[in-house]
Amino acid sequence: MNTRQQGDLAVADAIAYYTNKGYIISFPMTEAARYDLIIDKTKLLRVQCKCTGQVAPSGWFKCELRTRGGNQSWNKKESKKLSAQECDIVFIRTMSGDRYAIPIHVIEGRSIITLGTNYQQYRLGA
């Protein structure tokens with residue numbers, strides 16, 4: 001599965017999860033948004049979706065949080081880190097099917113995280 005397919009899987013899984021929990025789902029109208037969807041229950045939250053199959057030596061999944069392009073203007077040298085100005089939640093789906101919803105303030109400015117014990121409180125149930 002290539003990275004675009006993994007990204008599509010993460011977005012589809014986030015839609016299914018949040019819809020099942022009673023959220024209204026909205027999408028940005030352009031590709032310029034740094035988030036993939038908006039969830040709405042009592043307030044609007046911007047969600048950036050990620051998918052990972054990378055496993056650290058510890059056995060935990062690793063997830064890259066930076067973006068490396070996606071359009072023709074990207075110069076292949078820069079990567080952009082996520083910030084609270086761009087999203088509120090990072091939804092991460094692992095290739096084993098685990099899901100995490102991590103508030104951006106917890107991981108803001110990081111390039112990569114390992115989904116170990118530090119992030120288990122953000123792991124989502126079914």
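Reader: Let's start with Gln 48. Where does Gln 48 lie?

Author: Gln 48 lies in strand β3. One thing to know up front: this is a predicted model.

Reader: Okay. Is Gln 48 buried or exposed?

Author: Gln 48 is buried, since its relative accessible area is 9% and buried means under 20%.

Reader: And what does its side chain make a polar contact with?

Author: The side chain of Asp 36. The polar contact between the side chains of Gln 48 and Asp 36 is 3.1 Å.

Reader: Which other residues is Gln 48 in contact with, leaving aside neighbours within four places in sequence?

Author: Besides Asp 36, the list has Arg 34, Tyr 35, Leu 82, Cys 87, Ile 89, Val 90 and Phe 91.

Reader: What about the strand itself? How many residues of β3 are buried?

Author: In strand β3, which covers residues 44-52, 7 of the 9 residues are buried, so the strand is largely enclosed by the rest of the structure.

Reader: Which strands does β3 pair with, then? Start with β2.

Author: Strand β2, residues 37-40, pairs with β3 in the antiparallel sense, over 4 bridges. For one residue-level example, Ile 38 has Arg 46 in β3 as its bridge partner.

Reader: How many residues does the hairpin between β2 and β3 go through?

Author: The hairpin goes from β2 to β3 through 3 residues.

Reader: And β5? Parallel or antiparallel to β3?

Author: β3 and β5 run parallel, with 6 bridges joining them. Strand β5 spans residues 89-94. In this pairing, Val 47 stands opposite Ile 89 of β5.

Reader: Let me zoom out. How many helices and strands does the protein have?

Author: There are 2 helices and 7 strands. Going along the sequence, you meet them in the pattern α-β-β-β-β-β-β-α-β.

Reader: What share of the residues is buried overall?

Author: Of the 126 residues in the protein, 36% are buried. As for the surface, the protein exposes about 7700 Å², and 48% of that comes from carbon and sulfur atoms.

Reader: What about contacts between residues at least 6 apart in sequence? What share of them join residues at least 24 apart?

Author: That share is 50%.

Reader: New topic: aromatics. How many aromatic pairs turn up?

Author: A search of the whole structure gives 4 aromatic pairs. In one of them, Tyr 17 and Tyr 18 have ring centres 5.2 Å apart and planes at 80°, so that pair is edge-to-face.

Reader: Why does 80° make it edge-to-face?

Author: Because planes over 60 degrees apart count as edge-to-face.

Reader: Are those two tyrosines buried or exposed?

Author: Tyr 17 is buried, with a relative accessible area of 11%. Tyr 18 is buried too, with a relative accessible area of 4%.

Reader: What about Tyr 17 and Phe 91? How are their rings arranged?

Author: The ring centres of Tyr 17 and Phe 91 are 6.4 Å apart and their planes are at 40°, so the pair is tilted. Tyr 17 is in helix α1 (residues 3-20) and Phe 91 is in strand β5, so the pair ties together parts that are 74 residues apart in sequence. Phe 91 is buried, just as Tyr 17 is.

Reader: Which residues form the aromatic cluster?

Author: Tyr 17, Tyr 18, Tyr 23 and Phe 91 form one aromatic cluster.

Reader: And what sits over the ring of Tyr 23?

Author: The charged end of Lys 41 does, 4.9 Å from the ring's centre.

Reader: Switching again: where's Ala 101?

Author: Ala 101 is in strand β6, residues 99-103. Its relative accessibility is 17%, so Ala 101 counts as buried.

Reader: What does Ala 101 touch, not counting residues up to four places away?

Author: Ala 101 touches Tyr 18, Ile 89, Val 90, Tyr 122 and Leu 124.

Reader: And how far apart are Ala 101 and Val 47?

Author: From C-alpha to C-alpha, 8.9 Å, while in sequence Ala 101 and Val 47 are 54 residues apart.

Reader: Last one: where is Gly 53?

Author: Gly 53 is in the loop between β3 and β4. Gly 53 is partly exposed, with a relative accessible area of 38%. Leaving aside neighbours within four places in sequence, Gly 53 is in contact with Phe 61 and Met 95.

Note on methods: Residues are numbered from 1 along each chain as its sequence is written. This is a predicted model: local features need pLDDT of at least 70, side-chain atom pairs count only at pLDDT 80 or more; totals for chains, interfaces and linings use all residues. Side-chain values use heavy atoms; hydrogens and water are left out. Buried means under 20% relative accessible area, exposed over 50%, partly exposed in between (1.4 Å probe, protein chains only). Two strands pair if DSSP finds at least two bridges between them. Contact means heavy atoms within 4.5 Å. Accessible areas come from the Shrake-Rupley method with a 1.4 Å probe; for residues, only the protein chains shown count as cover. Rings of Phe, Tyr and Trp (its six-membered ring) pair if their centres lie within 6.5 Å; planes under 30 degrees apart count as stacked, over 60 as edge-to-face and the rest as tilted. A charge sits over a ring if NZ of Lys or CZ of Arg is within 6 Å of the ring centre and within 35 degrees of the ring normal. A polar contact is a pair of N or O atoms within 3.5 Å; within protein, one must be able to donate a hydrogen and the other to accept it, and residues adjacent in sequence count only if both atoms are side-chain atoms.
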